[in-house]
Amino acid sequence: MYRKTVAFVDLDAIGNNYSLASALAPESKNIAVIKADAYGHGMLRVAEALQDVVPAFAVAILDEALELRAAGISQPILVLEGVNDVPACEVAAANELSLVVHNQEQVSQLLKVTSPGDVPLWIKVDTGMHRIGFAPGDLKPALERLRAGGHDVSVVCTHLACADDLASNVTRQQLDTFKACVTGTDLPTSISNSAGILAWPASHADWNRPGYMLYGNSPMTTDVESASGLQPAMSLRSEIIAIREVPAGESVGYGACWTAKRPSIIGTVAAGYADGYPRHAPNGTPTMVNHQIASLVGTVSMDMLSIDLTGHDNVAIGDTVELWGQGVPVNEVATHCGTIGYELLAGVTARVPRSYTVP
Ligand SMILES: *Cc1c(COP(=O)(O)O)cnc(C)c1O
């Protein structure tokens, strides 16, 4: 690879963030969520780095789980969306994968599996997110159907819709609903995502499911003390490939969406939306060059973007630009773009090499 647009990933930081998640919820086991290529960080490398410390991994879909198995990952793996047909149930059983079961169709499919294997299922209840999960009243009948068919269910889980927002009442309502419907099942439980771990101790249960926080950023909409020890694991960097003087009144980029108000020094950076840098990032979105903030100017192109280097000392072609990482938090870039850091991390495209040696 000759282009210097690289996502540097600090695997030690991910290990430290996992330890922080464990320390915040010492009574819980934490299943490391590494779906979507470990939120863009490289699923196999992250799995290898964590395999000796985590009790289990979670991914969204069966194909991700099979990729982990093919790479030799032998820990328990949970497929958070479950699967949707009988052959997929059979493949899951043959590969010792735990499935989340969240609707009656899945139960019916599982009951048709000829050799269910001995890997326990997780059953999911919808406590208010209204995405997937059994209605609270359907939980016990579904459990009974599965058990009657010879399936082992090891955990009852739910998912929080608003745990990133400390001011929301939804989390408390979801916790109450969950408590009411699991009473009497005598099964271990699982509720917390990263936000639950960081900010809602009442959501800590037998199993927590940290995802985003493992990669070193907080999902909370406000600052919380518990997140202060997180270390951002990804630094998305590129380099300056051109520098020019742009007179006042001249514009930069497609659509001439930014016009210089003063004589400006504009740097062209070798990263664009085909690398996962959002095209809708507005003028003023921060980047960092030589420890100084440089603001995005003009529309992001497919392979390049422009930054304002006016007033920067000693800046030269070849200098490194951090698009997000330690200097520019991905959450801050996301706020400028009207999205969340999750989308930016998961959106770094395959064209960008991941490097696990951080210079
Ligand atoms: C993605 C996901 C998680 C992890 O959520 P974070 O906010 O990234 O911590 C946990 N549980 C389920 C069901 C998920 O889909």
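**View 1. Polar contacts of the ligand with S194, Y212 and Y342.** In this predicted model, an N or O atom in the side chain of S194 lies 2.5 Å from an oxygen atom of the ligand. A second residue, Y342, also contributes through its side chain, a polar atom of which is 2.6 Å from an oxygen atom of the ligand. Y212, by contrast, takes part through its backbone, with a polar backbone atom placed 2.7 Å from an oxygen atom of the ligand. The ligand, which would expose 390 Å² if taken alone, has 91% of that area buried by the protein.

**View 2. Residues surrounding the ligand.** The ligand is surrounded by 13 residues, and the closest of these are K35, Y39, S194, Y212 and Y342. Two of the residues named here, S194 and Y342, place polar side-chain atoms at 2.5 Å and 2.6 Å, respectively, from an oxygen atom of the ligand.

**View 3. The two assigned domains.** According to the domain assignment of the protein, domain 1 covers residues 31–215 and domain 2 covers residues 234–357. The centres of domain 1 and domain 2, taken over C-alpha atoms, are 38 Å apart, and the contact draws on seven residues from domain 1 and nine residues from domain 2.

**View 4. The interface between domain 1 and domain 2.** About 840 Å² of area is buried between domain 1 and domain 2, with 60% of this area given by carbon and sulfur atoms. On the side of domain 1 that touches domain 2, the residues comprise three nonpolar, three polar and one charged. Three residue pairs, both members at pLDDT 80 or more, are in polar contact between the two domains, whereas the count of salt bridges between domain 1 and domain 2 is zero.

Terms used:
Residues numbered from 1 in each chain as written. Predicted model: local features only at pLDDT ≥ 70, side-chain atom pairs only at ≥ 80, totals over all residues. Heavy atoms only, no water. Domains from an automatic or database assignment. Contact = heavy atoms within 4.5 Å. Buried area = accessible area lost by both parts, 1.4 Å probe. Salt bridge = Lys/Arg side-chain N within 4 Å of Asp/Glu carboxyl O. Polar contact = N/O pair within 3.5 Å; in protein donor to acceptor, adjacent residues only side chain to side chain. Nonpolar A, V, L, I, M, F, W, Y, C, P; charged D, E, K, R; others polar. Near = heavy atom within 4 Å. Areas by Shrake-Rupley, 256 points an atom, 1.4 Å probe, with all protein chains shown as cover.
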